[in-house]
Number of protein chains: 2
Amino acid sequence: MKIDKSLLTGSTTLLVLSLLAEGEKYGYQMIQELAAKSDNTFQMKEGTLYPILHGLERDGYVTVSQRWSGGRQRRYYRLTGKGRGLLEDKVKEWKFFSGKVGDVVASYCPELA
Amino acid sequence: MKIDKSLLTGSTTLLVLSLLAEGEKYGYQMIQELAAKSDNTFQMKEGTLYPILHGLERDGYVTVSQRWSGGRQRRYYRLTGKGRGLLEDKVKEWKFFSGKVGDVVASYCPELA
DNA sequence: TTATTATACATTGGCCGCCGATGTATTGTC
DNA sequence: GACAATACATCGGCGGCCAATGTATAATAA
């Protein structure tokens with residue numbers, strides 16, 4: 001299913017943090033994993049991901065360790081304690097928000113809910 | 001709970017269409033109703049709503065009948081058949097999208113889901 | 001051998017959606 | 001007569017996402 005781009009706005013950081021909850025990962029890997037896990041629903045672009053990762057690093061939500069792996073230089077991102085806290089907040093926020101949207105739809109058009 | 005503004009992006013039209021599923025309504029009323037139904041989670045601004053309504057009218061998703069009611073001039077918006085179709089599409093899209101986000105979160109951080 | 005694809009990271013201009021600010025006008029209330 | 005609430009409207013600006021583009025290396029195919 002084709003998803004309107006604007007729906008994604010605001011949830012991309014949540015998706016990135018979720019990916020990192022499992023353990024450290026590098027950027028390219030995160031894009032591939034997210035596409036695979038979501039049946040290509042979420043095809044995150046480099047122009048979206050890398051600036052987000054840089055911001056998370058700048059604000060202390062992730063740490064980076066650049067090293068060789070599989071014959072490649074890769075930048076591995078890992079959640080800090082603060083980053084874990086941000087993830088928990090974002091998950092709460094998402095559940096609250098999506099629940100409210102569902103409530104409104106169910107309330108006004110129950111036959112579609 | 002305070003919701004990050006950007007989360008709303010892309011779902012505002014869905015909310016507006018949902019409100020109109022019940023029957024014709026005027027702008028100011030829709031803002032009040034939405035706030036009440038969502039416990040003030042969705043405090044839609046005039047600067048958001050009116051341009052959306054104008055666009056929906058322009059594209060044939062709603063029709064407008066301006067008339068007096070309660071000692072006020074009001075512009076009542078009503079869903080067309082095309083508008084009803086758009087609502088159904090948007091609901092499907094929303095359910096698909098929110099389900100996928102939930103899947104990803106549950107998959108990578110099941111303890112938070 | 002060379003061309004092509006995949007991997008990996010990065011930046012930037014621009015588009016689009018939302019909203020704060022502001023404006024106008026009328027009705028109800030103190 | 002002043003003020004709040006109702007009701008509609010517009011516009012500049014901000015912020016998030018991404019298409020386009022660039023660099024570099026490794027693997028694969030021709």
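Colleague: Why is the pairing of Asp39(B) and Lys100(A) called a salt bridge?

Modeller: A salt bridge is a side-chain nitrogen of Lys or Arg within 4 Å of a carboxyl oxygen of Asp or Glu. The side chains of Lys100(A) and Asp39(B) meet at 2.8 Å, N to O, so the pair fits the rule. This is a predicted model, in which local features need pLDDT of at least 70 and side-chain atom pairs count only at pLDDT 80 or more, while totals for chains, interfaces and linings use all residues. Residues are numbered from 1 along each chain as its sequence is written, chains are lettered from A and ligands numbered from 1 in the order in which they are written, and side-chain values use heavy atoms, with hydrogens and water left out.

Colleague: How many salt bridges does the rule find across the interface of chain A and chain B?

Modeller: Four. Across that interface there are also 12 residue pairs in polar contact, both residues at pLDDT 80 or more. A polar contact is a pair of N or O atoms within 3.5 Å; within protein, one must be able to donate a hydrogen and the other to accept it, and residues adjacent in sequence count only if both atoms are side-chain atoms.

Colleague: Which helix gives the most to the side of chain A that touches chain B?

Modeller: H5(A), with 19 residues. Helices are DSSP runs of H or I, at least four residues, and strands are runs of E, at least two, numbered from the N terminus.

Colleague: What makes up the contact and the buried area between the chains?

Modeller: Contact means heavy atoms within 4.5 Å, and 47 residues from chain A and 47 residues from chain B take part. Buried area is the accessible area (1.4 Å probe) that two parts lose on being put together, summed over both. Here that area is about 4,200 Å², with 71% from carbon and sulfur atoms. On the chain A side, Leu7(A), Phe97(A) and Tyr108(A) lose the most, together 19% of what that side buries.

Colleague: Why does the approach of Thr12(B) to DNA strand C count as a polar contact?

Modeller: An N or O atom in the side chain of Thr12(B) is 2.6 Å from a phosphate oxygen of the strand, so the pair falls within the cut-off. For His54(A), a polar side-chain atom lies 3.0 Å from a phosphate oxygen of DNA strand C. Tyr28(A) uses a backbone N or O atom, 2.7 Å from a phosphate oxygen.

Colleague: Which part of DNA strand C has most of the atoms within 4 Å of the protein?

Modeller: Sugar or phosphate, with 69%; the rest belong to bases.

Technical notes
A residue is near a molecule or strand if one of its heavy atoms lies within 4 Å of it.
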